[in-house]
Amino acid sequence: MKSALVFLLGFAHEALATVQGFDISHYQASVNFGSAYSAGARFVIIKATEGTTYIDPSFSSHYTGATNAGFIRGGYHFAHLDTSSGATQANYFLAHGGGWSGDGITLPGMLDLEGDCVLSTSATVSWIKDFSDTYHSKTGVYPLLYTNPSWWSTCTGNSNAFVNTNPLVLARYSSSAGTPPGGWPYYTIWQYNDAYTYGGDSDVFNGDMASLVRLASG
């Protein structure tokens, strides 16, 4: 994954093409993947798990639908930092849809970090590292980290511990992405609203299609 980050960093300050995508969960019971693909979307991030007790009931059907429509796709895990360790939750995620293979169509799993700060800043960073390192040890790639500037600043103390390993998925509902938190020089994916036409939240990949395939290839 570090090589992919270095590859993308080389283009960080140039005018880049972007690739449309979206993310979904069971709240989007019916998703028209074919229409979304025809409209130009090329990747989907799909909720798989929460904590160590919840599997999204729509994950399997969503994943199959996205695959059949030709999307690059991957799963995400909603973190519960105060219920079990990062390693325990990474393993649960991996066992229930969060796996990765370097086939060019599977994104590294994404760790969803939002909500209240339930640990100290240092403990939060340690928890994320525990999850990230466990995921990496099992797959060979680091997970994407999804967060917003407020959460990252407040809950991690604006840590820069993941800049060189984990791609940033930045949640910021605005006309521009703004400055990424935590020392990341750029975002890899920007979630810019929660009203994608064909279901879920609107995302955009910060690069061209070849770079997106490279991310999915490790």
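User: What phi does G70 take, just after α3?

Analyst: Just after α3, G70 takes a positive phi of about 100°. This is a predicted model, in which local features need pLDDT of at least 70 and side-chain atom pairs count only at pLDDT 80 or more, while totals for chains, interfaces and linings use all residues. Residues are numbered from 1 along each chain as its sequence is written, and side-chain values use heavy atoms, with hydrogens and water left out. Helices (H or I, at least four residues) and strands (E, at least two) are DSSP runs, numbered from the N terminus.

User: Why are the buried residues of α3 said to line one face of the helix?

Analyst: In α3, which covers residues 59-68, the buried residues are F59, H62, Y63 and A66. Seen down the axis of α3, these residues fall within an arc of 100°, so they line one face of the helix; the arc is that of the directions from the helix axis to the C-beta atoms. Buried means under 20% relative accessible area, exposed over 50%, and partly exposed in between, with a 1.4 Å probe and protein chains only. On the other side of α3, S60 and N68 are exposed.

User: What do the buried residues of α3 pack against?

Analyst: They pack against β1 (19-24), α2 (33-38), β2 (43-50) and β4 (72-78), where contact means heavy atoms within 4.5 Å.

User: What makes α4 oblique to α5?

Analyst: Helix α4 (residues 86-95) and helix α5 (residues 121-139) pack at an angle of about 40°, with their axes 7 Å apart. Axes are lines fitted to C-alpha atoms, for helices over the stretch in contact, and angles run from 0 to 180 degrees between N-to-C directions. Angles under 35 degrees count as roughly parallel, over 145 as roughly antiparallel, 65 to 115 as roughly perpendicular and the rest as oblique, and the α4 and α5 angle therefore makes α4 oblique to α5.

User: Why are α5 and α6 called roughly perpendicular?

Analyst: α5 and helix α6 (residues 149-156) pack at an angle of about 115°, with their axes 7 Å apart. Set against the cut-offs already given, α5 and α6 are therefore roughly perpendicular to each other. Their contact is made by T121, T124, V125 and I128 of α5 and W151, W152, T154, C155 and T156 of α6.

User: How do the residues of the contact of α5 with α6 divide?

Analyst: They divide into five nonpolar, four polar and no charged. Ala, Val, Leu, Ile, Met, Phe, Trp, Tyr, Cys and Pro count as nonpolar, Asp, Glu, Lys and Arg as charged, and the others, Gly among them, as polar.
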